[in-house]
Amino acid sequence: MKTFTMVELFSGIGAQAKAFERVCAARKDSSIAFETLNTCEWDIHAIVAYYLIHRKNKELLDWSRKQCIDFLKDLKLSNNGKNLAKFNTISRQNTDLLQLLCTAIVKTHNLIDVTIVKGKDIPNRLDILTYSFPCQDLSNVGAFHGGLKGIDRDAHTRSGLLWEVERILKERANLNLSQPRFLILENVTTLEDERNLHNFNDWKGQLESLGYKNVIFKLDSLNLGIPQHRQRLIMLSVFVGKNGSTERKKKIIDTYFANPKNNLNDRRLPLKPLSSILKTDYSNATLFEEAKLSQPNDTKSRLKIWNRNAKLLDQKGNCARNSATITTKQDRHPNSGNVYFDYHGNTKSKFRYLTPRECMLLMGFDDKDYESLIENNPDYSRSTFFARDKIYKLAGNSIVVNVLEQVFDAIVNLDALLRPYSL
(Lines give C-alpha, C1' and ligand atoms only; values in the text may rest on other atoms or scores of the structure.)
Protein backbone atom coordinates (compact mmCIF):
# COMPACT_ATOMS: atom_id res chain seq x y z
CA MET A 1 0.00 0.00 0.00
CA LYS A 2 1.18 3.50 -0.85
CA THR A 3 0.56 6.08 1.91
CA PHE A 4 0.57 9.67 0.68
CA THR A 5 1.81 12.18 3.23
CA MET A 6 0.34 15.67 3.27
CA VAL A 7 0.77 19.07 4.93
CA GLU A 8 -2.19 21.43 4.75
CA LEU A 9 -1.24 25.11 4.96
CA PHE A 10 -4.27 27.40 5.47
CA SER A 11 -6.03 24.17 6.36
CA GLY A 12 -9.46 25.57 7.34
CA ILE A 13 -11.88 22.77 8.19
CA GLY A 14 -9.98 20.24 6.11
CA ALA A 15 -11.65 19.94 2.71
CA GLN A 16 -8.29 18.60 1.53
CA ALA A 17 -8.26 15.73 4.02
CA LYS A 18 -11.93 15.00 3.37
CA ALA A 19 -11.30 14.75 -0.37
CA PHE A 20 -8.31 12.45 -0.06
CA GLU A 21 -10.21 10.23 2.37
CA ARG A 22 -12.91 9.77 -0.27
CA VAL A 23 -10.38 9.09 -3.03
CA CYS A 24 -8.85 6.35 -0.89
CA ALA A 25 -12.27 4.87 -0.12
CA ALA A 26 -13.21 4.87 -3.80
CA ARG A 27 -10.25 2.63 -4.62
CA LYS A 28 -11.82 -0.61 -3.48
CA ASP A 29 -8.53 -2.50 -3.60
CA SER A 30 -7.30 -0.36 -0.69
CA SER A 31 -4.12 0.30 -2.62
CA ILE A 32 -3.63 3.80 -1.21
CA ALA A 33 -3.94 5.66 2.06
CA PHE A 34 -3.04 9.16 3.20
CA GLU A 35 -1.79 10.82 6.35
CA THR A 36 -1.87 14.52 7.18
CA LEU A 37 1.37 15.18 9.02
CA ASN A 38 0.69 18.84 9.80
CA THR A 39 -2.06 21.41 9.51
CA CYS A 40 -1.47 25.15 9.65
CA GLU A 41 -4.38 27.34 10.72
CA TRP A 42 -4.78 30.22 13.20
CA ASP A 43 -8.58 30.62 13.34
CA ILE A 44 -9.66 28.87 16.54
CA HIS A 45 -13.07 27.92 15.12
CA ALA A 46 -11.50 26.27 12.07
CA ILE A 47 -8.88 24.55 14.24
CA VAL A 48 -11.51 22.94 16.46
CA ALA A 49 -13.83 22.15 13.53
CA TYR A 50 -11.01 20.36 11.70
CA TYR A 51 -10.34 18.21 14.75
CA LEU A 52 -14.01 17.34 15.30
CA ILE A 53 -14.63 16.48 11.65
CA HIS A 54 -11.50 14.43 10.99
CA ARG A 55 -10.38 12.83 14.25
CA LYS A 56 -12.20 9.61 15.08
CA ASN A 57 -10.86 9.54 18.66
CA LYS A 58 -12.08 12.72 20.31
CA GLU A 59 -10.68 12.09 23.78
CA LEU A 60 -9.53 15.40 25.26
CA LEU A 61 -6.11 16.00 26.73
CA ASP A 62 -6.26 15.73 30.51
CA TRP A 63 -4.85 19.21 31.03
CA SER A 64 -5.69 21.62 33.81
CA ARG A 65 -6.88 25.12 33.04
CA LYS A 66 -3.42 26.47 33.91
CA GLN A 67 -1.73 23.98 31.59
CA CYS A 68 -4.03 25.04 28.77
CA ILE A 69 -3.39 28.74 29.33
CA ASP A 70 0.37 28.21 29.55
CA PHE A 71 0.28 26.28 26.26
CA LEU A 72 -1.82 28.88 24.43
CA LYS A 73 -0.28 32.09 25.72
CA ASP A 74 2.52 32.35 23.15
CA LEU A 75 0.50 31.18 20.12
CA LYS A 76 -0.73 33.58 17.45
CA LEU A 77 -4.42 32.73 17.32
CA SER A 78 -7.45 34.50 15.86
CA ASN A 79 -11.10 34.31 16.85
CA ASN A 80 -12.34 35.77 13.55
CA GLY A 81 -9.80 34.60 10.97
CA LYS A 82 -8.79 38.20 10.24
CA ASN A 83 -6.99 39.63 13.24
CA LEU A 84 -4.79 38.40 16.04
CA ALA A 85 -6.91 37.79 19.11
CA LYS A 86 -6.04 39.42 22.40
CA PHE A 87 -4.93 36.68 24.73
CA ASN A 88 -7.55 37.48 27.37
CA THR A 89 -10.23 36.90 24.73
CA ILE A 90 -9.12 33.27 24.62
CA SER A 91 -7.86 32.72 28.17
CA ARG A 92 -11.15 33.83 29.77
CA GLN A 93 -13.11 31.06 28.03
CA ASN A 94 -14.37 28.08 30.00
CA THR A 95 -12.02 25.19 30.71
CA ASP A 96 -13.90 22.74 28.46
CA LEU A 97 -13.30 24.96 25.44
CA LEU A 98 -9.65 25.56 26.34
CA GLN A 99 -9.10 21.79 26.61
CA LEU A 100 -10.83 21.23 23.28
CA LEU A 101 -8.73 23.91 21.57
CA CYS A 102 -5.45 22.58 23.01
CA THR A 103 -6.41 19.03 22.03
CA ALA A 104 -7.22 20.13 18.49
CA ILE A 105 -3.89 21.94 18.08
CA VAL A 106 -1.82 19.06 19.47
CA LYS A 107 -3.59 16.19 17.72
CA THR A 108 -3.67 17.86 14.29
CA HIS A 109 0.01 18.85 14.65
CA ASN A 110 -0.97 22.42 13.88
CA LEU A 111 1.86 24.78 12.90
CA ILE A 112 -0.64 27.68 13.37
CA ASP A 113 1.26 30.68 11.98
CA VAL A 114 2.55 30.35 8.43
CA THR A 115 4.76 33.43 8.88
CA ILE A 116 6.97 31.61 11.38
CA VAL A 117 7.00 28.19 9.74
CA LYS A 118 10.54 27.41 8.63
CA GLY A 119 11.53 25.35 5.63
CA LYS A 120 12.96 22.69 7.92
CA ASP A 121 9.57 22.38 9.68
CA ILE A 122 8.07 20.74 6.58
CA PRO A 123 8.66 16.97 6.74
CA ASN A 124 11.19 15.46 4.36
CA ARG A 125 10.04 13.27 1.47
CA LEU A 126 6.60 14.89 1.66
CA ASP A 127 4.16 13.92 -1.06
CA ILE A 128 1.66 16.80 -1.03
CA LEU A 129 1.62 20.40 0.22
CA THR A 130 -1.68 22.28 -0.10
CA TYR A 131 -1.94 26.06 0.20
CA SER A 132 -5.37 27.60 -0.26
CA PHE A 133 -4.27 31.04 0.92
CA PRO A 134 -6.83 33.78 1.78
CA CYS A 135 -8.73 35.18 -1.20
CA GLN A 136 -10.09 38.41 0.29
CA ASP A 137 -7.58 40.72 -1.41
CA LEU A 138 -8.02 38.97 -4.75
CA SER A 139 -11.78 38.79 -4.97
CA ASN A 140 -13.98 41.24 -6.83
CA VAL A 141 -15.66 42.09 -3.53
CA GLY A 142 -12.29 43.01 -2.06
CA ALA A 143 -11.48 45.21 -5.05
CA PHE A 144 -14.86 46.94 -4.72
CA HIS A 145 -13.95 47.88 -1.15
CA GLY A 146 -10.59 49.29 -2.20
CA GLY A 147 -8.44 46.18 -1.83
CA LEU A 148 -6.29 46.71 -4.92
CA LYS A 149 -2.95 45.41 -3.65
CA GLY A 150 -3.95 41.77 -4.16
CA ILE A 151 -0.86 39.63 -3.73
CA ASP A 152 1.69 42.39 -4.27
CA ARG A 153 4.96 41.56 -2.57
CA ASP A 154 5.45 43.38 0.74
CA ALA A 155 1.88 44.71 0.64
CA HIS A 156 1.13 42.94 3.94
CA THR A 157 -2.27 41.76 2.73
CA ARG A 158 -3.87 38.51 3.85
CA SER A 159 -3.69 37.18 0.29
CA GLY A 160 -0.02 38.17 0.28
CA LEU A 161 0.61 35.25 2.64
CA LEU A 162 1.18 33.35 -0.61
CA TRP A 163 4.77 34.58 -0.52
CA GLU A 164 5.33 32.82 2.79
CA VAL A 165 4.96 29.58 0.83
CA GLU A 166 7.70 30.80 -1.53
CA ARG A 167 9.93 31.56 1.47
CA ILE A 168 9.36 28.10 2.95
CA LEU A 169 10.16 26.31 -0.31
CA LYS A 170 13.27 28.43 -0.94
CA GLU A 171 14.52 27.80 2.58
CA ARG A 172 14.24 24.08 1.87
CA ALA A 173 16.15 24.53 -1.40
CA ASN A 174 18.91 26.45 0.37
CA LEU A 175 19.22 23.67 2.94
CA ASN A 176 19.28 21.00 0.19
CA LEU A 177 16.12 19.45 1.64
CA SER A 178 13.67 17.54 -0.52
CA GLN A 179 10.75 19.51 -1.93
CA PRO A 180 7.11 18.34 -1.69
CA ARG A 181 6.38 16.25 -4.75
CA PHE A 182 2.99 17.86 -5.45
CA LEU A 183 1.70 21.32 -4.58
CA ILE A 184 -1.98 22.27 -4.76
CA LEU A 185 -3.08 25.89 -4.97
CA GLU A 186 -6.81 26.72 -4.79
CA ASN A 187 -8.16 30.24 -5.03
CA VAL A 188 -10.49 32.57 -6.91
CA THR A 189 -10.18 32.83 -10.68
CA THR A 190 -9.35 36.55 -10.42
CA LEU A 191 -5.75 35.40 -9.90
CA GLU A 192 -5.60 35.63 -13.69
CA ASP A 193 -7.25 39.07 -13.91
CA GLU A 194 -5.13 41.92 -15.22
CA ARG A 195 -4.55 43.46 -11.78
CA ASN A 196 -3.22 40.17 -10.36
CA LEU A 197 -1.71 38.43 -13.37
CA HIS A 198 1.82 39.86 -13.08
CA ASN A 199 2.06 38.55 -9.52
CA PHE A 200 0.60 35.19 -10.46
CA ASN A 201 3.06 34.87 -13.34
CA ASP A 202 5.84 35.74 -10.90
CA TRP A 203 4.66 32.96 -8.59
CA LYS A 204 4.51 30.41 -11.40
CA GLY A 205 8.01 31.42 -12.46
CA GLN A 206 9.36 31.01 -8.94
CA LEU A 207 7.93 27.50 -8.78
CA GLU A 208 9.46 26.63 -12.15
CA SER A 209 12.85 27.86 -10.92
CA LEU A 210 12.53 25.47 -7.99
CA GLY A 211 11.92 22.53 -10.34
CA TYR A 212 8.12 22.40 -10.62
CA LYS A 213 5.85 22.03 -13.64
CA ASN A 214 2.55 23.86 -13.25
CA VAL A 215 -0.82 22.76 -14.62
CA ILE A 216 -3.80 25.10 -14.22
CA PHE A 217 -7.50 24.22 -14.10
CA LYS A 218 -10.64 26.28 -13.68
CA LEU A 219 -13.15 23.97 -12.05
CA ASP A 220 -16.79 24.61 -11.22
CA SER A 221 -18.39 22.45 -8.56
CA LEU A 222 -21.56 22.55 -10.68
CA ASN A 223 -19.79 20.35 -13.22
CA LEU A 224 -18.52 17.95 -10.59
CA GLY A 225 -21.72 16.78 -8.95
CA ILE A 226 -22.49 19.56 -6.45
CA PRO A 227 -25.46 21.88 -7.20
CA GLN A 228 -23.54 25.06 -6.41
CA HIS A 229 -22.08 27.42 -9.01
CA ARG A 230 -18.58 27.96 -7.64
CA GLN A 231 -15.69 28.32 -10.06
CA ARG A 232 -12.19 28.23 -8.65
CA LEU A 233 -8.68 28.17 -10.03
CA ILE A 234 -6.63 25.12 -9.14
CA MET A 235 -2.93 24.90 -9.90
CA LEU A 236 -1.23 21.54 -9.55
CA SER A 237 2.55 21.85 -9.42
CA VAL A 238 4.55 18.66 -9.89
CA PHE A 239 8.18 18.49 -8.88
CA VAL A 240 10.20 17.39 -11.91
CA GLY A 241 13.62 18.56 -10.73
CA LYS A 242 16.46 19.75 -12.89
CA ASN A 243 18.17 16.52 -13.85
CA GLY A 244 18.39 14.25 -16.85
CA SER A 245 14.86 12.91 -16.49
CA THR A 246 13.18 16.33 -16.13
CA GLU A 247 11.98 16.56 -19.73
CA ARG A 248 10.73 12.99 -19.64
CA LYS A 249 8.68 13.76 -16.53
CA LYS A 250 7.21 16.89 -18.13
CA LYS A 251 6.20 14.86 -21.18
CA ILE A 252 4.49 12.26 -18.97
CA ILE A 253 2.47 15.01 -17.28
CA ASP A 254 1.54 16.65 -20.58
CA THR A 255 0.52 13.30 -22.07
CA TYR A 256 -1.59 12.43 -19.04
CA PHE A 257 -3.65 15.63 -19.15
CA ALA A 258 -3.86 15.58 -22.95
CA ASN A 259 -5.99 12.46 -22.64
CA PRO A 260 -9.62 13.70 -22.75
CA LYS A 261 -10.66 11.47 -19.85
CA ASN A 262 -7.97 13.08 -17.66
CA ASN A 263 -8.63 16.70 -18.65
CA LEU A 264 -10.20 18.05 -15.46
CA ASN A 265 -11.39 21.22 -17.21
CA ASP A 266 -13.71 19.14 -19.38
CA ARG A 267 -14.84 16.64 -16.75
CA ARG A 268 -18.58 16.40 -16.11
CA LEU A 269 -20.13 14.32 -13.33
CA PRO A 270 -23.84 13.64 -12.64
CA LEU A 271 -25.37 16.52 -10.71
CA LYS A 272 -26.88 15.82 -7.31
CA PRO A 273 -30.40 17.33 -7.17
CA LEU A 274 -30.55 20.48 -5.07
CA SER A 275 -33.77 19.10 -3.59
CA SER A 276 -31.73 16.31 -1.98
CA ILE A 277 -29.65 18.88 -0.12
CA LEU A 278 -32.34 21.33 0.97
CA LYS A 279 -33.68 20.20 4.34
CA THR A 280 -37.42 20.87 3.98
CA ASP A 281 -38.84 17.98 5.97
CA TYR A 282 -40.13 20.22 8.72
CA SER A 283 -41.78 17.30 10.50
CA ASN A 284 -38.23 16.67 11.70
CA ALA A 285 -37.95 18.86 14.81
CA THR A 286 -34.21 19.41 14.40
CA LEU A 287 -34.50 20.53 10.79
CA PHE A 288 -37.47 22.73 11.66
CA GLU A 289 -35.46 24.53 14.35
CA GLU A 290 -32.54 24.98 11.95
CA ALA A 291 -34.92 26.51 9.41
CA LYS A 292 -36.38 28.92 11.96
CA LEU A 293 -32.91 30.03 13.04
CA SER A 294 -32.18 30.90 9.39
CA GLN A 295 -35.35 32.95 8.93
CA PRO A 296 -34.82 36.74 8.86
CA ASN A 297 -37.02 39.42 10.33
CA ASP A 298 -39.78 40.86 8.18
CA THR A 299 -38.17 44.13 7.07
CA LYS A 300 -37.92 46.07 3.82
CA SER A 301 -34.22 45.28 3.50
CA ARG A 302 -34.89 41.54 3.90
CA LEU A 303 -37.71 41.69 1.36
CA LYS A 304 -35.17 43.10 -1.11
CA ILE A 305 -32.93 40.10 -0.41
CA TRP A 306 -35.83 37.77 -1.28
CA ASN A 307 -36.73 39.71 -4.43
CA ARG A 308 -33.21 40.17 -5.77
CA ASN A 309 -31.70 36.74 -5.17
CA ALA A 310 -32.28 33.26 -6.54
CA LYS A 311 -35.35 31.37 -5.31
CA LEU A 312 -33.92 27.97 -4.49
CA LEU A 313 -37.43 26.87 -3.55
CA ASP A 314 -40.34 29.14 -4.46
CA GLN A 315 -43.93 29.48 -3.17
CA LYS A 316 -45.14 26.82 -5.62
CA GLY A 317 -42.59 24.25 -4.50
CA ASN A 318 -40.40 24.60 -7.60
CA CYS A 319 -36.78 23.78 -6.82
CA ALA A 320 -33.88 25.45 -8.62
CA ARG A 321 -31.11 23.50 -10.31
CA ASN A 322 -28.36 24.98 -8.17
CA SER A 323 -27.41 27.65 -5.65
CA ALA A 324 -25.13 30.58 -6.24
CA THR A 325 -21.67 30.56 -4.65
CA ILE A 326 -21.66 29.87 -0.93
CA THR A 327 -20.12 32.88 0.81
CA THR A 328 -19.25 33.60 4.42
CA LYS A 329 -22.62 35.28 5.05
CA GLN A 330 -26.20 34.62 3.99
CA ASP A 331 -27.93 37.70 5.42
CA ARG A 332 -26.73 39.83 2.53
CA HIS A 333 -27.24 40.81 -1.11
CA PRO A 334 -26.09 39.01 -3.11
CA ASN A 335 -26.32 35.74 -1.26
CA SER A 336 -26.38 32.07 -2.23
CA GLY A 337 -30.14 31.95 -2.70
CA ASN A 338 -33.25 31.70 -0.53
CA VAL A 339 -35.92 29.16 0.34
CA TYR A 340 -39.64 29.91 0.71
CA PHE A 341 -40.58 29.22 4.33
CA ASP A 342 -43.92 30.51 5.57
CA TYR A 343 -43.88 29.58 9.22
CA HIS A 344 -47.11 31.06 10.58
CA GLY A 345 -46.07 30.91 14.22
CA ASN A 346 -44.05 34.13 14.06
CA THR A 347 -43.90 37.52 12.35
CA LYS A 348 -40.72 36.91 10.40
CA SER A 349 -40.22 36.91 6.62
CA LYS A 350 -41.84 34.22 4.52
CA PHE A 351 -38.50 32.85 3.46
CA ARG A 352 -35.27 31.64 4.96
CA TYR A 353 -31.65 31.53 4.03
CA LEU A 354 -29.75 28.33 3.49
CA THR A 355 -29.13 26.75 6.86
CA PRO A 356 -25.55 26.16 8.07
CA ARG A 357 -26.11 22.43 7.53
CA GLU A 358 -27.15 23.02 3.90
CA CYS A 359 -24.12 25.23 3.32
CA MET A 360 -21.84 22.49 4.60
CA LEU A 361 -23.54 19.97 2.30
CA LEU A 362 -23.15 22.31 -0.67
CA MET A 363 -19.42 22.41 0.08
CA GLY A 364 -19.31 18.61 -0.21
CA PHE A 365 -19.26 17.76 3.49
CA ASP A 366 -21.67 15.29 5.11
CA ASP A 367 -24.49 15.59 7.61
CA LYS A 368 -22.30 13.87 10.18
CA ASP A 369 -19.62 16.53 9.72
CA TYR A 370 -22.10 19.26 10.58
CA GLU A 371 -23.51 17.25 13.46
CA SER A 372 -20.04 16.68 14.90
CA LEU A 373 -19.78 20.45 15.36
CA ILE A 374 -23.21 20.85 16.90
CA GLU A 375 -22.84 17.88 19.23
CA ASN A 376 -19.55 19.24 20.56
CA ASN A 377 -20.51 22.90 20.80
CA PRO A 378 -19.19 24.52 23.98
CA ASP A 379 -20.24 27.86 25.40
CA TYR A 380 -18.29 30.82 24.05
CA SER A 381 -18.55 34.50 24.86
CA ARG A 382 -22.23 34.48 25.89
CA SER A 383 -23.13 32.34 22.87
CA THR A 384 -21.98 28.99 21.54
CA PHE A 385 -18.66 28.32 19.88
CA PHE A 386 -20.21 27.11 16.62
CA ALA A 387 -22.94 29.72 16.34
CA ARG A 388 -24.94 29.89 13.11
CA ASP A 389 -22.87 32.67 11.56
CA LYS A 390 -19.59 30.99 12.47
CA ILE A 391 -20.55 27.86 10.54
CA TYR A 392 -21.61 29.99 7.57
CA LYS A 393 -18.13 31.50 7.62
CA LEU A 394 -16.34 28.17 7.97
CA ALA A 395 -18.29 26.77 5.01
CA GLY A 396 -17.84 29.86 2.84
CA ASN A 397 -14.09 29.87 3.42
CA SER A 398 -13.70 26.19 2.59
CA ILE A 399 -13.21 24.34 -0.71
CA VAL A 400 -15.77 22.10 -2.37
CA VAL A 401 -14.62 18.61 -1.45
CA ASN A 402 -15.78 17.09 -4.74
CA VAL A 403 -13.52 19.45 -6.71
CA LEU A 404 -10.46 18.43 -4.71
CA GLU A 405 -11.31 14.75 -5.19
CA GLN A 406 -10.62 15.15 -8.91
CA VAL A 407 -7.23 16.73 -8.21
CA PHE A 408 -6.16 14.09 -5.70
CA ASP A 409 -7.26 11.34 -8.07
CA ALA A 410 -5.00 12.85 -10.73
CA ILE A 411 -2.12 12.98 -8.24
CA VAL A 412 -2.51 9.27 -7.43
CA ASN A 413 -2.45 8.42 -11.13
CA LEU A 414 0.54 10.67 -11.87
CA ASP A 415 2.42 9.25 -8.91
CA ALA A 416 2.22 5.77 -10.43
CA LEU A 417 3.46 7.08 -13.80
CA LEU A 418 6.32 9.18 -12.41
CA ARG A 419 7.70 6.98 -9.65
CA PRO A 420 9.88 4.89 -11.99
CA TYR A 421 11.80 8.11 -12.73
CA SER A 422 12.71 8.60 -9.04
CA LEU A 423 11.05 11.94 -8.35
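The following questions and answers concern a predicted model and the terms applied to its residues and strands.

Q: Why is C24 called buried?
A: The relative accessible area of C24 is 12%. Buried means under 20%, so C24 with its 12% is classed as buried.

Q: Why is C319 counted as partly exposed?
A: C319 has 35% relative accessibility. Partly exposed lies between the limits of under 20% for buried and over 50% for exposed; therefore C319 at 35% is partly exposed.

Q: Why does the sulfur of C319 form no bond with the closest cysteine sulfur?
A: That closest sulfur belongs to C359 and is 15 Å away. A disulfide requires two cysteine sulfur atoms within 2.5 Å, so the pair C319 and C359 is too far apart for a bond. The structure holds 0 disulfides.

Q: What makes N346 partly exposed, and where is N346 placed?
A: N346 has a relative accessible area of 26%; because this value is neither under 20% nor over 50%, N346 is partly exposed. The residue is located in the loop between β8 (338-340) and β9 (351-353).

Q: What makes β2 and β5 edge strands?
A: In the open sheet of 6 strands, the order is β2-β1-β3-β4-β6-β5, with mixed pairing. β2 (32-40) and β5 (212-220) each pair on one side only.

Q: How do you know that β5 pairs with β6?
A: The two strands run antiparallel and are joined by 9 bridges. At least two bridges are needed for pairing, so β5 and β6, with 9, count as paired. Among the residues involved, K218 has L233 in β6 as its bridge partner.

Methods:
Residues numbered from 1 in each chain as written. Predicted model: local features only at pLDDT ≥ 70, side-chain atom pairs only at ≥ 80, totals over all residues. Heavy atoms only, no water. Helix = DSSP H or I, 4+ residues; strand = E, 2+ residues; numbered from the N terminus. Buried < 20%, exposed > 50% of the residue type's maximum accessible area, 1.4 Å probe, protein only.
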